[in-house]
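Visitor: I would like to learn how to read the contact between two copies of a chain, and then a few details of the backbone. Could you take me through them one at a time?

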Protein chains: 4
Amino acid sequence: MQKIVILHNFDIMAGNSFGDLFRITSFGESHGPYIGGVVDGCPAGISIDFNAINEVLRQRQITSKRQESNTIEWLSGLMDGKTTGAPIAFIVPNKNMVSADYKQDATLLKPSHANYVYWKKYGIFDYWGSGRASGRETVVRVVAGCIAKQYLSSYNIDIKSYTIQIGEAVFADFPNMTDEAEHNILHCPSESVAKKMLAILEQCNQKGDTIGCKIGCIVKNLPLGLGEPVFDKLSADLSKACMSINAAKAFEYGVGFKAAQMYGSQCNDLYNTDFSTKTNHNGGILAGISNGELLYFTVAFKPIPTIMQNQQTVDIHGNMAVFQACGRHDVCVSPKVLSVVEAMTAICLINHLLKFKAYQNDNRRS
Amino acid sequence: MQKIVILHNFDIMAGNSFGDLFRITSFGESHGPYIGGVVDGCPAGISIDFNAINEVLRQRQITSKRQESNTIEWLSGLMDGKTTGAPIAFIVPNKNMVSADYKQDATLLKPSHANYVYWKKYGIFDYWGSGRASGRETVVRVVAGCIAKQYLSSYNIDIKSYTIQIGEAVFADFPNMTDEAEHNILHCPSESVAKKMLAILEQCNQKGDTIGCKIGCIVKNLPLGLGEPVFDKLSADLSKACMSINAAKAFEYGVGFKAAQMYGSQCNDLYNTDFSTKTNHNGGILAGISNGELLYFTVAFKPIPTIMQNQQTVDIHGNMAVFQACGRHDVCVSPKVLSVVEAMTAICLINHLLKFKAYQNDNRRS
Amino acid sequence: MQKIVILHNFDIMAGNSFGDLFRITSFGESHGPYIGGVVDGCPAGISIDFNAINEVLRQRQITSKRQESNTIEWLSGLMDGKTTGAPIAFIVPNKNMVSADYKQDATLLKPSHANYVYWKKYGIFDYWGSGRASGRETVVRVVAGCIAKQYLSSYNIDIKSYTIQIGEAVFADFPNMTDEAEHNILHCPSESVAKKMLAILEQCNQKGDTIGCKIGCIVKNLPLGLGEPVFDKLSADLSKACMSINAAKAFEYGVGFKAAQMYGSQCNDLYNTDFSTKTNHNGGILAGISNGELLYFTVAFKPIPTIMQNQQTVDIHGNMAVFQACGRHDVCVSPKVLSVVEAMTAICLINHLLKFKAYQNDNRRS
Amino acid sequence: MQKIVILHNFDIMAGNSFGDLFRITSFGESHGPYIGGVVDGCPAGISIDFNAINEVLRQRQITSKRQESNTIEWLSGLMDGKTTGAPIAFIVPNKNMVSADYKQDATLLKPSHANYVYWKKYGIFDYWGSGRASGRETVVRVVAGCIAKQYLSSYNIDIKSYTIQIGEAVFADFPNMTDEAEHNILHCPSESVAKKMLAILEQCNQKGDTIGCKIGCIVKNLPLGLGEPVFDKLSADLSKACMSINAAKAFEYGVGFKAAQMYGSQCNDLYNTDFSTKTNHNGGILAGISNGELLYFTVAFKPIPTIMQNQQTVDIHGNMAVFQACGRHDVCVSPKVLSVVEAMTAICLINHLLKFKAYQNDNRRS
């Protein structure tokens with residue numbers, strides 16, 4: 001077993017911005033008064049569909065056991081419902097900021113939870129301190145992502161995510177879609193698989209356990225040419241965007257891990273005379289650049305670590321202890337994570353789209 | 001089938017830098033006179049082991065069918081074999097810059113190859129223009145990565161990569177290692193699996209086909225505390241680093257995609273009294289931050305698209321055609337990609353380590 | 001006369017972040033409900049002196065004719081009065097958001113004011129739209145700067161700014177200081193000069209005119225070694241920091257513009273045997289790097305464009321018109337700008353200090 | 001006198017890149033084999049006028065007493081004389097890398113020279129180590145700047161710099177230009193002033209002394225709308241660009257330092273009915289954004305510290321010593337610096353132009 005090396009404590013929680021031309025900066029702790037964000041770099045003159053954003057947050061709320069207040073207060077950057085080009089700041093108040101539940105386990109390390117690394121890295125062991133690791137932070141991503149999606153939709157770009165696996169229940173036909181995804185809260189493209197998934201979630205709930213899942217995401221009408229050839233491949237940036245979501249453990253696009261057992265003669269996508277391809281093993285990205293085919297990828301998430309069963313653990317003094325969670329917790333990151341995957345995808349894509357426009361050579365084209 | 005939307009041509013191949021505090025900038029085309037790079041942000045006073053770097057490049061050369069010249073010319077940043085802190089520039093000359101082979105297929109789209117997207121994005125359809133997409137570019141990453149590894153080794157951090165799957169030949173015990181990896185060029189941790197892999201490669205070679213693979217990577221002695229909680233999670237940055245390698249299709253760390261079928265009660269890593277964990281399903285990263293356990297992850301690569309079989313395709317005018325590759329090409333990205341995975345991992349980790357040092361609160365610690 | 005070329009309208013107001021390791025993101029319009037900011041990258045464990053921050057804002061308020069509310073609401077990143085390392089967000093509510101004054105001149109171009117370029121660049125001609133150009137935005141810089149100053153003071157680094165010129169009233173001995181600066185609101189280091197300055201301001205006030213000024217800034221105990229040799233010279237970064245303040249027209253450090261008429265034999269700073277220098281013409285920065293001597297520089301600001309005199313102008317249709325300002329406006333950016341100069345200096349210096357720490361080679365030092 | 005505080009040695013010379021969308025990375029020491037650079041982000045399809053670049057370097061060479069070889073070797077990014085969009089790398093070999101002159105003063109601190117701060121910051125006291133501080137590095141900026149200028153000229157943007165002061169010889173009419181600048185190597189807009197300047201330089205030369213200067217720069221046909229309102233003001237970014245040049249001590253645009261003694265009623269630029277302004281005290285930038293008027297600014301440079309007179313100094317052990325320079329050195333940074341100012345201006349402007357294009361809202365315009 002390797003000995004844990006600890007460099008120093010009193011570090012800093014940097015890395016709260018994502019994107020360069022369209023940049024979201026996130027702030028707030030799950031147990032503080034607010035979480036919020038600032039979007040810098042949103043083009044001026046876009047009509048924001050506030051109802052659509054509120055509806056996404058409402059869906060998030062009703063499918064969760066945690067009682068979230070998701071009323072957005074817009075602080076800046078909008079006039080008459082349109083973006084002005086100035087930074088768009090918003091806050092969302094938290095409810096039940098300090099619950100008794102959290103206080104009781106003030107010295108216990110929760111298994112697979114952030115509190116150990118936060119303690120060692122930041123010198124703070126507290127419900128508030130580790131509040132940046134909470135799933136609550138993803139509300140900020142979702143709001144920013146909705147704005148990005150509304151911009152992308154003016155280019156006809158459409159992003160949708162689906163639950164394609166929970167435990168043994170698997171939708172195997174991804175990325176071939178049906179219309180059935182709209183009829184269940186998991187957005188599983190098969191009604192029968194969705195029923196199995198919901199049954200599994202209910203079993204977990206009764207046992208006080210949690211479970212992982214796999215989310216598939218599809219982007220339609222993505223123009224050819226987004227992504228840069230070397231380090232900033234579209235696939236690399238999408239991967240970072242999705243792997244930055246809490247509990248994400250894996251990312252693949254196109255054939256993904258199956259590529260390891262495919263021959264070139266199988267895997268290559270042959271061209272039609274209109275330059276579309278007969279197959280789409282590459283998943284819409286070739287050499288790091290979108291090629292005009294359907295973009296599709298999947299992300300796997302681990303089970304939420306807070307379970308309703310007693311777990312053996314230690315406290316910060318190294319004494320054996322038992323951790324017993326209380327409060328209300330979700331049994332799976334899906335369906336809540338669906339809009340987060342879409343949001344991070346949208347923020348990634350809008351950055352590449354804006355960069356594309358920067359370099360377009362309009363006054364030199366014949 | 002979706003209609004391909006093309007925004008504009010005459011774009012730019014940006015994104016040739018990686019890292020912020022330790023930044024590699026890469027340049028050069030596979031068929032130009034040189035490829036090279038500039039490392040900015042390398043601490044002063046490090047003794048460079050040039051023999052070690054040359055040996056990595058020599059290994060790369062002898063395991064490849066492509067004849068590469070890998071003689072590094074160091075242009076700046078070194079004095080008496082030590083880094084001065086100034087930018088370290090280097091170039092590596094290319095051999096056989098313009099071969100007859102490349103000229104003959106000047107109007108054909110090669111299936112699953114970069115040339116279609118390069119043509120549409122940059123307005124250039126040429127062996128030289130798409131030379132940035134060549135595997136040749138990875139030499140630059142390897143040289144920079146060796147420098148990063150030598151710095152990390154002063155912190156006792158050790159990075160090793162292994163071939164753990166080629167086709168049906170799988171090393172299933174990853175990340176549990178043996179000493180056998182040193183005895184085969186694929187660095188497969190099992191001699192018997194390595195033999196199967198080599199046999200598969202030989203079959204591919206005879207059929208003129210290519211095949212994908214899966215690489216595992218292990219980092220020992222990584223200190224606790226690298227990675228930032230929200231967007232710049234260590235897992236997210238490692239994912240981007242690895243997915244930026246040519247032909248990469250998937251990334252996972254810890255239990256990876258298996259997480260989708262695990263229960264929280266199974267997946268959680270319980271603590272020992274010394275704060276180490278009884279299991280390591282999290283793969284060394286908790287909440288985006290290294291937790292002092294062994295870091296491990298895998299990356300899947302698709303088969304090299306250039307195969308020695310005739311493939312149906314179209315030319316740039318949309319006429320049907322047959323593409324017949326010639327020249328000497330590898331049948332799998334492994335073993336060449338092994339040092340590239342290690343390099344990108346090292347460059348990612350050195351950036352997080354330097355950032356860690358920036359924020360350490362030395363004069364406020366009691 | 002050159003013809004004005006206008007590229008496009010509907011642009012975006014990016015560039016609302018400053019710094020990389022310690023980054024302030026600013027948001028809010030002068031006539032919106034709030035202005036505010038997010039500080040990302042502030043080290044954990046710093047005790048914030050809220051009284052000191054409030055006092056700076058109170059000073060700002062009482063020396064201004066504009067009625068500002070400067071009550072800070074802290075949203076995140078603090079616990080028990082200490083920084084946690086998480087992003088620190090704060091908002092300050094605006095008073096009198098929409099005054100009748102502003103509405104009346106809704107189609108007039110105000111001379112030397114932002115509204116013309118905002119209209120042409122963003123397609124918005126409105127009191128709100130140009131609200132990012134207001135001096136009100138600088139409150140955000142001041143709050144972030146106070147936090148940076150408190151961190152720097154733990155390294156004993158001390159930043160002070162002074163009014164050294166208003167019109168014909170000049171303090172010529174800068175950077176040689178006296179204790180008299182504390183005794184007047186302009187922080188002019190000479191009581192007698194301060195009296196002249198105040199008299200000039202009063203005359204302006206009575207004439208309905210405004211006037212420019214020159215601010216000097218001194219940094220004591222800055223360690224040797226901040227700044228990078230080529231593009232990121234400390235002098236270059238300080239210059240950008242200060243020139244980003246509204247109304248700034250000029251920056252110089254050390255001998256500044258006088259350098260153009262000095263001989264090398266005059267200007268060179270000769271060394272004492274303890275490596276200090278006999279003179280300090282370089283102003284504390286040599287080859288872009290702090291050299292341990294006193295850092296000093298000056299910044300000039302133009303007169304505030306809003307004067308209480310009628311000005312001939314045109315409206316957005318190109319018709320001749322007369323612009324008559326109303327409301328309460330300051331006659332000079334000093335004294336309000338003093339804390340802004342200190343803030344931008346502090347934010348610039350903390351970034352260089354954190355970068356310094358990143359690269360320090362602690363485990364290789366003997 | 002303040003005590004010099006030294007944090008640590010063994011730092012790093014970061015900050016060798018400038019620009020984000022169009023980024024130049026510079027490398028090489030004045031006494032190493034090469035200096036060179038990499039331009040990342042140059043749009044594809046631009047025809048490079050190599051003769052123009054060579055001519056700029058030739059002018060630089062013939063006006064300098066230092067014997068420079070300025071033969072550029074292009075390594076990548078070009079095909080058939082056009083940019084491909086890939087990174088453009090180039091190197092320029094150095095002559096006379098290690099001269100006997102440099103070796104003799106291996107332990108002396110040269111007054112106002114980089115070697116003291118380099119020694120303390122990087123732990124290296126050597127002609128090579130401090131080679132990054134040499135004026136030789138500016139060749140890289142000039143080459144990159146020429147490429148940027150050629151792109152800008154396709155937008156009709158024209159950048160020219162002039163010597164407007166050397167010692168007592170001053171061209172007072174700046175920015176009002178004549179045609180006389182083309183007729184003297186200093187590009188002074190008045191022949192008679194140019195003669196005085198040249199006489200001063202000759203006197204300096206005979207006395208073994210050096211002298212400072214002031215450079216004026218004018219940009220014609222700059223479109224309205226470049227620059228961002230808050231931190232990334234065009235004026236702030238130009239200031240950083242110019243102050244990053246070796247020996248720069250001051251920057252001002254428009255009325256500059258004179259603003260401190262102007263009234264608002266004097267300084268405001270009144271509008272004509274075509275939205276041009278009757279005066280141009282703002283120097284082409286209003287609220288940080290180009291307003292379509294002529295852009296003009298000046299930069300002051302200190303005298304070159306290496307003079308041909310004996311100077312009292314100390315060695316690294318703190319012993320008194322006399323420094324006696326030898327070799328051939330210039331007496332003023334002008335005329336060599338003229339093309340450097342133009343280059344940094346061009347690189348700054350192309351970044352703002354590309355950013356402008358990113359955000360233009362083409363598909364929402366009516």
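Guide: What follows goes from the symmetry of two chains to their interface and then to some backbone details, all in a predicted model.

Visitor: How is chain D related to chain C, and by what turn and shift?

Guide: In general, two copies of a chain are related by a rotation about an axis and a shift along it. Here a turn of 180° with a shift of 0.0 Å along the axis lays chain D on chain C, and the RMSD is 0.0 Å. That is the relation of a two-fold axis. The same surface serves both copies, since 99% of the contact residues of chain D recur in chain C.

Visitor: What area is buried between chain D and chain C, and how many residues does the contact take from each?

Guide: The size of an interface is often given as the accessible area lost when the parts come together. Between chain D and chain C about 10,900 Å² is buried, and carbon and sulfur atoms give 62% of that area. Chain D brings 134 residues to the contact and chain C brings 133 residues.

Visitor: Which polar and charged interactions should I look for across the interface, and how many salt bridges does the rule find?

Guide: For chain D and chain C the rule finds 6 salt bridges, including the one between C:Lys121 and D:Glu228, whose closest N and O atoms are 3.7 Å apart. That distance satisfies the rule because the cut-off for a salt bridge is 4 Å. The two chains also have 46 residue pairs in polar contact, counted with both residues at pLDDT 80 or more. On the side of chain D that touches chain C, the largest share, 7 residues, comes from helix H3 (residues 115-122) of chain D. By class, that side of chain D has 67 nonpolar, 41 polar and 26 charged residues.

Visitor: In which sense do the S11 strands of chain C and chain D pair, parallel or antiparallel?

Guide: Strand S11 (residues 248-253) of chain C pairs with strand S11 (residues 248-253) of chain D in the antiparallel sense, over 3 bridges. In this pairing C:Ala250 stands opposite D:Glu252.

Visitor: Where are the cis peptide bonds that involve B:Pro175 and C:Pro335?

Guide: One joins B:Phe174 and B:Pro175 with omega of about 5°, and B:Pro175 is in the loop between strand S9 (169-170) and helix H5 (191-207) of chain B. Another runs from C:Ser334 to C:Pro335 with omega near 5°, where C:Pro335 belongs to the loop between strand S16 (320-323) and helix H8 (336-359) of chain C.

Methods. Residues numbered from 1 in each chain as written. Chains lettered and ligands numbered in written order. Predicted model: local features only at pLDDT ≥ 70, side-chain atom pairs only at ≥ 80, totals over all residues. Heavy atoms only, no water. Least-squares fit on C-alpha atoms with pLDDT ≥ 70 in both. Contact = heavy atoms within 4.5 Å. Buried area = accessible area lost by both parts, 1.4 Å probe. Salt bridge = Lys/Arg side-chain N within 4 Å of Asp/Glu carboxyl O. Polar contact = N/O pair within 3.5 Å; in protein donor to acceptor, adjacent residues only side chain to side chain. Helix = DSSP H or I, 4+ residues; strand = E, 2+ residues; numbered from the N terminus. Nonpolar A, V, L, I, M, F, W, Y, C, P; charged D, E, K, R; others polar. Pairing = 2+ DSSP bridges.
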